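Biologist: I have a structure open and do not know how to read it. Can we go through some features together?

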Amino acid sequence: MFGAGGGTVSYDEIEHADVILLWGSNAREAHPIFFHHLLRGLHNGARMYSVDPRRTSSAKFADLWLGLELGSDVALANTVANHIITSNLHDRAFIDHSTTGFDAFVDSVKSYTLEVGEELTGVPAAAIAEMAEAYATADRAQILWTLGITEHHNGVDNVLALCNLALLTGHVGRWGSGLVPLRGQNNVQGGGDMGALPDKLPGFQNVNDPEHRGKFEAVYGRPIPPTPGRHLTLMFEAMEQGDIVAAYVIGENPADSEADIAHARKLLEGLDLLVVQDIFLTRTAELADVVLPASVGWAEGDGTVTSSERRVQRVRAAVPPPGEARHDHDILADLAHRMGYPEWGNPTPENLWDELRSLSPMHAGMSYERLESEGGLQWPCPDLDHPGSPFLHGWLWEEDLGGRAGAPFSPVVAQGPQEQRTPDFPLWLTTGRALDSYNTGVQSGGMDSPIRYGSALDMNPVDATRLEIADGETVRVTSPRGSIEMPVRFQPDIPIGLTFTTFHFPELVDINLLTNDAWDKKSGTAEFKAASIRVEKLVRA
């Protein structure tokens, strides 16, 4: 919609916001450092509305929790939009000057009245109206989201529905107001910025643009295919079809992290060659033909990382890599030499960074010297005199839009989860994170924690009692893809009909044997947030 894959505001700005919509995000546990900035905003008087199927620990800080039905995010956003329009609270001057497609958007949300929205989402009409009016009338307002929005079969539509609300109210392109996709892991933002996307070169430059591609080819000395590559989901489909017979996995653990994991493991095991480069012997590494031990980037290496606010910062080694572990860039350079490309040389992290700066306009002004002296810079930073960009898309407020076309509204239609509950699978399962653990537990599972949880299935006591299940009892949990055994934890804050667990403990609870591998055809992201299950008492012989 706006052309850049990054949050539009800075962490500091949420401390001065008037209204915060925390949508599909349990930031207190998934993004605790950022959540401290959010808490300062609440302390300074901001009102917060939490939109989440669960009453999470983050939702308990909100002025109002909107506990919507799983997968009804577009329906809720469209209802909010329609109420803003029919209440004449939209920013007509901004819409006329800075956007396109407004009339078609109005038509697309007309049917989403408050009454229809309540029926589709389960959120009371009065609560929807309150949130809509607070957001529309605020001087500074932000929408924050994470994987609760994107890990659906219509995740891109979910994001577009939220972007529509910002365009409708003018809450984008200016200090204090914006759209904030909180990244799911350390340096995910940096990975995308560096071109770890199937259709992008570093700096979000399109691989199918001859001009963009040409300047990289001139530096690399090799042609770059003009056709976008495959994202991870399509890679697994290609493995199944025999089109991919080898994989080189760097810093990823797909043998634990993919949806419908039994199928994914079978495909990885069937490859002719699997190479894994990682800091631990993960389950994926255990399947590999070759394992290349790597250093820990944030503790043992030198370079840069980029946060969710687009801030590039320097990192330096605190300790040397242990044993035979080597830095990623050294491994790749050695591999290039052995494959007959000595021109690669042995570049340092600063050499590599300077090459990037020569090719990515948004990073051009970020020398190591500036990153050191200024404590990091936010892209875009196009030259050495540029201060960096605390917020994005200020051009939306320029008289001539900076020579650009207006930002388009994107009409989207409400859809529920692709997999529906049935009499055989009457409960929903959704997954997420816990404060003290990280991803598949490779980095965090080896330490003890007094606040650890997440290896049990959270259930509302009403659902458990109906099944004659006691708190702490081990049960069988089954989805259309498989079954596992795990304990139950009574959790009154979770709605009736919904269950929750984390994916941090695959060695104890292999939860991705159950998750849904339906995926968004626009992003490739699987629907980790919605699977139908049944829970049964164990019958021991």
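Modeller: Yes, and remember that this is a predicted model. We begin with a helix. In α7 (residues 114-121), the buried residues are Leu114, Gly117 and Thr121.

Biologist: Why do these residues lie on the same side of α7?

Modeller: Look at their directions around the axis. They span an arc of only 55 degrees, so they sit on the same side of α7.

Biologist: Which exposed residues does the face turned away from the buried side of α7 carry?

Modeller: Glu115 and Glu119 are the exposed residues there. Just after α7 comes Gly122. Its phi is positive, near 80 degrees.

Biologist: What do the buried residues of α7 pack against?

Modeller: They pack against two helices, α4 (73-86) and α8 (125-137). Take α4. Its residues Ala75, Leu76, Thr79 and His83 meet Leu114, Gly117, Leu120 and Thr121 of α7.

Biologist: At what angle do α4 and α7 pack?

Modeller: The angle is about 165 degrees, and the axes are 9 Å apart. Angles over 145 degrees count as roughly antiparallel. Therefore α4 and α7 are roughly antiparallel to each other. The crossing of α4 past α7 is left-handed.

Biologist: Now strands. How do side chains sit on a strand?

Modeller: Start with the general idea. In a regular strand, side chains alternate between the two faces of the sheet. Now take β1 (residues 19-23). Val19, Leu21 and Trp23 point one way, while Ile20 and Leu22 point the other way.

Biologist: Are the residues of β1 buried or exposed?

Modeller: Buried: that holds for 5 of its 5 residues, and the strand is mostly covered.

Biologist: Which strands pair with β1?

Modeller: Among them are β5 and β2. β1 pairs with β5 (residues 141-145) in the parallel sense, over 5 bridges. There, Ile20 has Gln142 as its bridge partner. With β2 (residues 47-51), β1 also runs parallel, and 5 bridges join the two. Leu21 stands opposite Tyr49 of β2.

Biologist: In what order do the strands of the open sheet with β12 come?

Modeller: The order is β12-β13-β14, 3 strands with antiparallel pairing. β12 (303-306) and β14 (377-378) are at the edges. Each has a single partner strand, so one side of each lacks a neighbour in the sheet.

Biologist: Over how many bridges do β12 and β13 pair?

Modeller: They pair over 4 bridges, in the antiparallel sense. β13 covers residues 311-315. One pair to find is Val305 with its bridge partner Gln313 in β13.

Note on methods: Residues numbered from 1 in each chain as written. Predicted model: local features only at pLDDT ≥ 70, side-chain atom pairs only at ≥ 80, totals over all residues. Heavy atoms only, no water. Pairing = 2+ DSSP bridges. Buried < 20%, exposed > 50% of the residue type's maximum accessible area, 1.4 Å probe, protein only. Arc of directions from axis to C-beta. Contact = heavy atoms within 4.5 Å. Axes fitted to C-alpha atoms, helices over the stretch in contact; angles between N-to-C directions. Parallel < 35°, antiparallel > 145°, perpendicular 65-115°, else oblique. Left-handed = near helix turned anticlockwise from the far one by under 90°.
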